[in-house]
Amino acid sequence: MLNSRNIEFLNRKSIVFEPIELKIQQAKNLDFDIKNDILEKIDKIIGPQEVEWMQRNDEKDTVDYIVSRYKFKFYPKFKKITSFPLHLLIEPVSFCNLSCVMCFQKDPFFKEKKNKGMIDFYFFKDLVGQAFENNCKALTLASRGEPGLHPQLGQMLEHCKGKFFELKINMNASVLHEELCYQILDSGVDIVVFSVDSSNKEEYQKIRKGGNFDTVVKNIRRFCKIKNSKKEYSKTSARISGVYLGSQDKEKFYEFWEKIVDTIAFVPVINRWDTYANKLIDSYQPCNLLWERMYVWFDGTCNPCDIDYKSYLSVGNAKNALLKEIWLGEKYLHLRDQHIKGRRKLFVPCDRCSYYY
């Protein structure tokens with residue numbers, strides 16, 4: 001959801017686009033072809049998220065940020081492989097304290113001891129160091145479980161401070177205590193995504209089983225109150241992200257949450273609670289995620305996506321190889337090559353995934 005300032009920025013091209021176009025034109029360290037392509041696609045690169053980032057961050061980083069967003073949005077479409085993932089996602093915790101109706105955490109897979117774990121802090125630091133050294137600009141702490149359950153989450157975020165253009169964390173806000181609020185904000189996290197699917201207590205608790213709506217609302221209100229208490233905390237954007245199951249009242253959802261957070265997203269549900277039992281899809285289109293991101297589970301397993309939460313597509317382990325080597329390794333390259341050749345149906349769960357289709 002856009003706020004009035006973002007709408008104004010997007011509608012007033014002379015304010016948003018022309019100064020940025022000038023900065024791009026004057027940039028001396030940009031490849032000529034990339035510079036021209038960015039200028040040609042500038043209106044497709046800059047959207048509400050980019051506007052919000054520029055409102056909240058230092059102007060001196062604008063060009064580098066726009067370049068990173070250009071690569072993020074177009075390199076996967078061009079099937080252009082970078083030397084390191086454009087977006088790295090690290091899993092602090094593989095399990096969750098909730099059992100949502102649309103989530104794979106319902107799978108007995110996550111009840112098995114070997115699949116329940118927390119990432120080692122020193123291993124995490126090594127992963128972040130590799131991402132920073134390889135000029136990765138986007139890091140998300142989230143994946144199959146609830147990051148807030150990791151006792152060292154605050155220290156992990158502090159270690160990431162100042163290293164990325166987009167440092168994001170996805171949470172269900174059920175364990176968002178006051179100290180963690182300050183740790184998130186002091187670490188300069190760019191986007192905190194709170195996964196909430198309703199503005200109604202009864203409905204919320206039917207969807208997010210094990211959750212307490214009153215507690216979640218109280219925690220998010222407190223986070224936003226603290227965020228608004230200091231100018232330096234304004235860098236962080238608080239976002240509500242809901243999964244639309246077809247029954248919630250969208251209007252009431254927006255009306256309730258827009259008074260509390262900065263932005264709101266309400267996306268259609270994707271069949272990912274039992275991915276491996278989904279119906280086969282009739283598509284040969286390659287998945288762009290293979291050129292965009294890589295996930296690292298708590299135990300070092302590297303995976304192209306978290307829809308494949310059982311790691312059928314595992315491309316390596318970060319405890320045995322560098323992230324860069326895995327990203328450019330034989331398994332990942334083979335998977336990309338087969339997708340390009342229209343053979344995604346050879347892979348489970350690519351053959352039944354509707355996310356990029």
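**Exercise 1. Work out what span helix 11 (residues 213-227) should have, and check it against the model.**

Start with the rule: the expected span of a helix is 1.5 Å times one less than its number of residues. With 15 residues, helix 11 should therefore span 21 Å. Now look at the ends: the C-alpha atoms there are 21 Å apart, which agrees. Helices here (H or I, at least four residues) and strands (E, at least two) are DSSP runs, numbered from the N terminus.

A word on the ground rules: this is a predicted model, where local features need pLDDT of at least 70, side-chain atom pairs count only at pLDDT 80 or more, and totals for chains, interfaces and linings use all residues. Residues are numbered from 1 along each chain as its sequence is written, and side-chain values use heavy atoms, with hydrogens and water left out.

**Exercise 2. Find which residues of helix 11 are buried, and what covers them.**

Buried means under 20% relative accessible area, exposed over 50%, partly exposed in between (1.4 Å probe, protein chains only). By that cut-off, the buried residues are F213, V216, V217, N219, I220, F223, C224, I226 and K227. Next, the cover: it includes helix 5 (48-56), helix 9 (178-186), strand 5 (191-195), helix 10 (201-207), strand 7 (237-244) and helix 12 (250-257). Last, check the start of helix 11, where a side-chain oxygen of N212 comes within 3.1 Å of the backbone nitrogen of D214.

**Exercise 3. Describe the largest pocket, then place D306.**

First, the term: on a 1 Å grid over the protein atoms alone, a pocket is an open set of points with protein on both sides within 12 Å along at least five of seven lines, while a cavity is a set of points where a 1.4 Å probe fits but cannot get out; lining residues have an atom within 4 Å of a point. Grid points are joined across faces, edges and corners, and a volume is the space filled by probe spheres set on the points.

The largest pocket comes to about 1,500 Å³. Of its 49 lining residues, N170, S241, R272, D306 and Y355 are the closest to its centre. Helix 6 (62-78) gives the largest share of the lining, five residues.

Now zoom in on D306, in the loop between strand 10 (301-303) and strand 11 (316-317). D306 is buried, because its relative accessible area is 10%. Contact means heavy atoms within 4.5 Å. Leaving aside neighbours within four places in sequence, D306 is in contact with F104, S143, R272, Y295 and W297.

**Exercise 4. Compare how the linings of the two cavities divide by class.**

The model holds two cavities of 30 Å³ or more. The largest has a volume of about 130 Å³. Among its 13 lining residues, the closest to the centre are C287, C305, L313, C350 and C353. Sort by class: Ala, Val, Leu, Ile, Met, Phe, Trp, Tyr, Cys and Pro count as nonpolar, Asp, Glu, Lys and Arg as charged, and the others, Gly among them, as polar. That gives eleven nonpolar, one polar and one charged for the largest cavity.

The second largest cavity holds about 90 Å³. Its lining has three nonpolar, three polar and five charged residues, and helix 5 gives the most, four residues.

Note on methods: Polar contact = N/O pair within 3.5 Å; in protein donor to acceptor, adjacent residues only side chain to side chain.
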